Amino acid sequence: MAKLWAGRNDGAVSKIADDFNSSVKFDKRLYRQDITGSMAHAAMLGGQGIISAEEADVICQGLQGILDDLENGSLKIDETAEDIHTFVEQTLTARIGEAGKKLHTARSRNDQVALDLRMYVRDDIAEITSKLKLVISAVVQKAEEYKEAIMPGYTHLQRAQPVTFGHYLCAYAMMFLRDTDRLKDCRKRVNISPIGCCALSGTTYNTDRYAEAKSLGFDKIALNSLDGVSDRDFCVEYLSALSLIMTHLSRFSEEIILWSSWEFKFIELSDGFTTGSSIMPQKKNPDMAELVRGKTGRVYGDLTATLTMLKGLPLAYNKDMQEDKESLFDASDTVKMCLDVFAPMISEMKANTANMRKAAEKGFINATDLADYLVKKGMPFRTAYKITGQIVAECIKCDKTLESLTIEEYNKFGSLFAEDLFDEISLETCVNKRISEGGTSVRSVEKQIAYIKESLKNV
């Protein structure tokens, strides 16, 4: 295809350079946004009298025909075109004649590509948010199912205090809710129209940027034309939000991998989301969770690549900025794949509550509650902490648990111990007396589940 910029140059470029410069192989996915944006631009030109109303109608009808043909497969994108913008404009001109050459009046590819990319990210935010909602729904459903299942909570990967599996799962649902909120906030800065900024300095034509932006669903217009064509902050912000989604998926994946090992055996993944070994017939590998964990670095790389691409660019547009799309598309595709596999993987996951309970019975994870028992009887916390530590040391020495010591053995460490102690340090009491907001008691977990479900309605 001929180059849109042939004129000052003859448009003849070395085949190697042409392939290197071309972006159509990846920016072709912007065809819908490019055509929709062009239809709005033609309508604005016609409305302002910059071209005739009849020409605007012919252009819009021609563009709609191209969109329809691309959607139904009767038209294929020519990958010898320099980019998707060239393909659409030259296909339009081939179909409707001279009127097609008027479409590019009062705009540049600089503001056109910025428009297409913003529209794409806006659509993408909606799609990823909807996939996140499915993951959150799957997680909260499991939280409800296991809201009373006691397991050890950890710090430093050491058993710390008893919690419920439902409480644990709610923590991840809260992370994913923040992700939806971040995407919603990111959309505010995405939904700003650059069209009409032209190459960098605006145009001499009497355009109506506000009407064009409104027709495309934008909230605002870019108020500085230099910034309008060179701003890719929204890409960085979106990639950052995607990276955090992957952080949360990766942390959850790590837990799933640990929990499904024989060493923990807290959960079992369904056969549909595991693989076997080519040599060890007993293996059931959590490959999907491992792949999610592995792909996280890929999305981080896309963010880093975009930040690095931007860091030394002078105003306004530079060809370096063509690199924004591959990173953004790759990150988006990766996150979507991970979310698509994660929701059903969680839905089909089963907890081994007996093993969770056994693990919770070891490691003195009710020691804090023993100290609190003494505090409630009037002992200063630091003193209670020290005595409890001494009791734990004695248990380790004698190979006993806090529950298996007798009152007589407890009374060697002080006179405040009575038979009510054993109820106070039972795992059920340890869990259900944590009544502070956000705690692990069943009642608290039920409130968290209700909050998550209500929040999902507003996502």
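# Briefing on a predicted protein model

In this predicted model, contacts between residues at least 6 apart in sequence are dominated by distant partners, in that 76% of them join residues at least 24 apart. The protein has 19 helices and six strands. Its radius of gyration is 30 Å, well over the 23 Å that the globule rule gives for 459 residues, so the protein is more spread out than a compact globule.

**Overall dimensions, surface and charge**

- Taken along the principal axes, the box filled by the C-alpha atoms of the protein has dimensions of roughly 100 × 55 × 40 Å.
- Of the 459 residues, 50% count as buried, while the accessible surface of the protein comes to about 22000 Å², with 53% of that area belonging to carbon and sulfur atoms.
- The protein carries 58 positive and 67 negative charges, and the mean positions of these two sets are 3 Å apart.

**Helix α3 and its surroundings**

- Helix α3 covers residues 31-47, and because 17 residues at 1.5 Å a residue should span 24 Å, the separation of 24 Å between its end C-alpha atoms agrees with the expected value.
- This helix is mostly covered, since twelve of its 17 residues are buried; among them are Tyr31, Asp34, His41 and Met44, together with smaller entries in the list such as Gly37 and Ala40.
- The cover over the buried residues of α3 includes α2 (24-27), α4 (53-72), α5 (84-96), α6 (109-145) and α8 (209-215).
- Tyr31, which is found in helix α3, has a relative accessible area of 15% and is therefore buried, the limit for that class being under 20%.
- Leaving out residues up to four places away in sequence, Tyr31 touches Leu67, Leu70, Glu71, Ile77 and Ile84; the C-alpha atoms of Tyr31 and Asp116 are 8.5 Å apart in space, although these two residues are 85 apart in sequence.
- Just after α3, Gly49 takes a positive phi of about 75 degrees.

**Backbone geometry that merits a look**

- Most residues other than glycine have a negative phi, and most peptide bonds are trans.
- Leu315 and Ala316 are joined by a cis peptide bond, with omega of about 5 degrees, and Ala316 has its place in the loop between α11 (287-310) and α12 (323-347).
- Lys265, a residue other than glycine, has a positive phi near 55 degrees, and its place is in the loop between α10 (233-259) and β5 (267-268).
- Asp399 likewise has a positive phi, near 55 degrees, in a residue other than glycine; Asp399 is found in the loop between α15 (381-398) and α16 (407-411), and at 71% relative accessibility it counts as exposed.

**Selected residues and their long-range neighbours**

- Glu403 also has its place in the loop between α15 and α16, where a relative accessible area of 33% makes it partly exposed.
- Not counting residues up to four places away in sequence, Glu403 touches Asn366, Phe422 and Ile425; with Ile425, a residue 22 places away in sequence, the C-alpha to C-alpha distance is 7.4 Å.
- Lys453 is found in helix α19, which holds residues 442-457, and at 37% relative accessibility it counts as partly exposed.
- Setting aside its neighbours within four places in sequence, Lys453 is in contact with Val140 and Glu144; the C-alpha atoms of Lys453 and Val140 are separated by 7.7 Å, while the two residues lie 313 residues apart along the chain.
- Asp219 is found in the loop between α8 and β4 (220-221) and, at 56% relative accessibility, counts as exposed.
- Asp219 touches Arg187 and Asn191 when residues up to four places away in sequence are not counted, whereas its C-alpha atom and that of Ser415, 196 residues apart along the chain, are separated by 70 Å.

Terms used. Residues are numbered from 1 along each chain as its sequence is written. This is a predicted model: local features need pLDDT of at least 70, side-chain atom pairs count only at pLDDT 80 or more; totals for chains, interfaces and linings use all residues. Side-chain values use heavy atoms; hydrogens and water are left out. Helices (H or I, at least four residues) and strands (E, at least two) are DSSP runs, numbered from the N terminus. The radius of gyration is taken over C-alpha atoms; the globule rule is 2.2 Å times the number of residues to the power 0.38. Buried means under 20% relative accessible area, exposed over 50%, partly exposed in between (1.4 Å probe, protein chains only). Contact means heavy atoms within 4.5 Å. Accessible areas come from the Shrake-Rupley method with a 1.4 Å probe; for residues, only the protein chains shown count as cover. Lys and Arg count as positive and Asp and Glu as negative; His and the chain ends are not counted. The place of a charge is taken as NZ of Lys, CZ of Arg, CG of Asp or CD of Glu. The expected span of a helix is 1.5 Å times one less than its number of residues.
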